[in-house]
Amino acid sequence: RSPGRFDRRVVVMRPDIKGREAILKVHAKNKPLAADVDLHEIAKITPGFTGADLANLLNEAALLAARHNKKEIVYHDISESVFKVMLGPEKKSRIISDKEKKLTAYHEAGHAIVLRTVSDTDKVERVSIIPAGAAGGYTAHKPDEDVYYTTRQQLINDIMISLGGRASEEIILGEISTGASSDLQSCNGVARDMIMKYGMSSTLTNMVFGSDEEVFIGKDYGHIKNYSEHVASQIDDEVMKIIDEAYKKVMEILKSKITILHAVAQALLEREKIEGPEFEAIYISDGKEAPVTFA
């Protein structure tokens with residue numbers, strides 16, 4: 001073996017909340033933070049961020065503060081930068097037709113309402129119809145705490161949240177758009193993992209399928225298939241069943257909360273972006289009161 005050869009594989013996990021806070025303290029040392037900046041709170045709203053992401057976050061916040069001629073970085077600068085790191089910069093110059101704005105507003109309102117209704121771990125942080133990164137709009141949410149294990153019901157909830165936009169389009173506009181493409185890829189991927197990786201099938205209980213072992217096939221790599229065509233058909237049926245049942249529940253939720261759906265969409269059409277507290281005010285008032293504007 002050659003000198004200095006390193007044969008061990010070192011797996012570096014993403015930092016937990018304590019790790020993120022410690023990393024933020026390192027990168028915040030030479031930055032003028034305002035009194036309202038609590039690094040523990042920043043750590044709470046950045047689950048999944050790597051050390052590089054956290055360094056980038058504080059750099060973006062410093063640039064944002066400088067752009068507005070501030071001498072200190074305030075909490076708002078950092079919270080705005082969280083979305084920029086996660087989603088990419090907002091594209092406010094992009095021209096969008098009124099019809100597309102309406103579709104996006106109801107699409108994102110659908111995601112937000114389903115999330116608020118079914119999730120016991122995440123809460124809505126912001127709903128926006130301003131394009132950011134590759135997305136035409138977004139519903140940002142964060143967990144109350146770091147989650148290391150996910151239950152079957154939580155995975156079903158994730159599928160339902162993904163389907164909220166498509167269901168809202170169907171209810172309000174009577175048709176569906178290509179805007180739900182990534183949502184469908186996401187929920188199909190979750191449902192298939194439930195059956196193939198996690199043994200969460202109702203008929204193929206406690207069995208997992210497929211292999212992580214890669215084999216070279218022609219010009220590409222493929223994965224070894226260790227199950228029959230009959231089982232493959234059963235897997236497809238199970239995936240379809242999970243998604244169809246989830247979609248049915250989502251339609252019921254949004255139809256029962258139609259007033260809130262209209263109110264959230266209207267708020268988005270008027271202001272393009274609503275923060276978590278404003279969304280919560282609309283939701284708990286059942287959409288019957290005028291939306292509250294938060295500074």
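This is a short tour of one protein chain, with a suggestion at each stop for what to select next.

**Before you start**

The model is predicted, so local features need pLDDT of at least 70 and side-chain atom pairs count only at pLDDT 80 or more, while totals for chains, interfaces and linings use all residues. Residues are numbered from 1 along each chain as its sequence is written, and side-chain values use heavy atoms, with hydrogens and water left out.

**Stop 1: the whole chain**

Show everything as a cartoon. The chain holds ten helices and five strands; these are DSSP runs numbered from the N terminus, helices being H or I over at least four residues and strands E over at least two. Of the 295 residues, 40% are buried, where buried means under 20% relative accessible area with a 1.4 Å probe, counting protein chains only. Switch on the surface, and about 17300 Å² is exposed, with carbon and sulfur atoms supplying 52% of it (Shrake-Rupley method, 1.4 Å probe). Among contacts with a separation of 6 or more, 67% link residues 24 or more positions apart; a contact means heavy atoms within 4.5 Å.

**Stop 2: the sheet**

Now select residues 122-128, 138-143 and 273-275, which are β1, β2 and β5. They form an open sheet in the order β2-β1-β5, with antiparallel pairing; two strands pair if DSSP finds at least two bridges between them. Which are the edge strands? They are β2 and β5, each pairing on one side only. From one strand to the next, the twist averages 25°.

Zoom in on β1. Because five of its seven residues are buried, β1 is largely enclosed by the rest of the structure. Six bridges join β1 to β2, and three bridges join β1 to β5. Click on R126: R126 stands opposite A140 in β2 and opposite E275 in β5. Then pick V127, whose bridge partner in β5 is I274.

**Stop 3: helices on the sheet**

Keep the sheet in view and add α5, residues 98-118. This helix packs on the sheet, touching β1 and β2, and its direction makes about 165° with that of β1. Next add α10, residues 276-284, which packs on the sheet against β1 and β5, its direction making about 85° with that of β5.

**Stop 4: α5 and α9**

Two packed helices are described by the angle between their axes and the distance between the axes. Here axes are lines fitted to C-alpha atoms, for helices over the stretch in contact, and angles run from 0 to 180 degrees between N-to-C directions.

Add α9, residues 258-271: the axes of α5 and α9 come within 8 Å and cross at roughly 130°. That angle makes α5 oblique to α9. Oblique covers what remains after roughly parallel (under 35 degrees), roughly antiparallel (over 145) and roughly perpendicular (65 to 115). Show side chains for the residues in contact, including A105, Y106 and I113 of α5 and L261, V264 and L268 of α9.

**Stop 5: α3 and α4**

Finally, select residues 51-67 and 75-87, which are α3 and α4. How far apart are the axes of α3 and α4? They lie 8 Å apart, and the helices pack at an angle of about 125°, which makes α3 oblique to α4. The contact residues include L57, A61 and L64 of α3 and I78, V82 and V85 of α4.

Terms used:
Buried means under 20% relative accessible area, exposed over 50%, partly exposed in between (1.4 Å probe, protein chains only).
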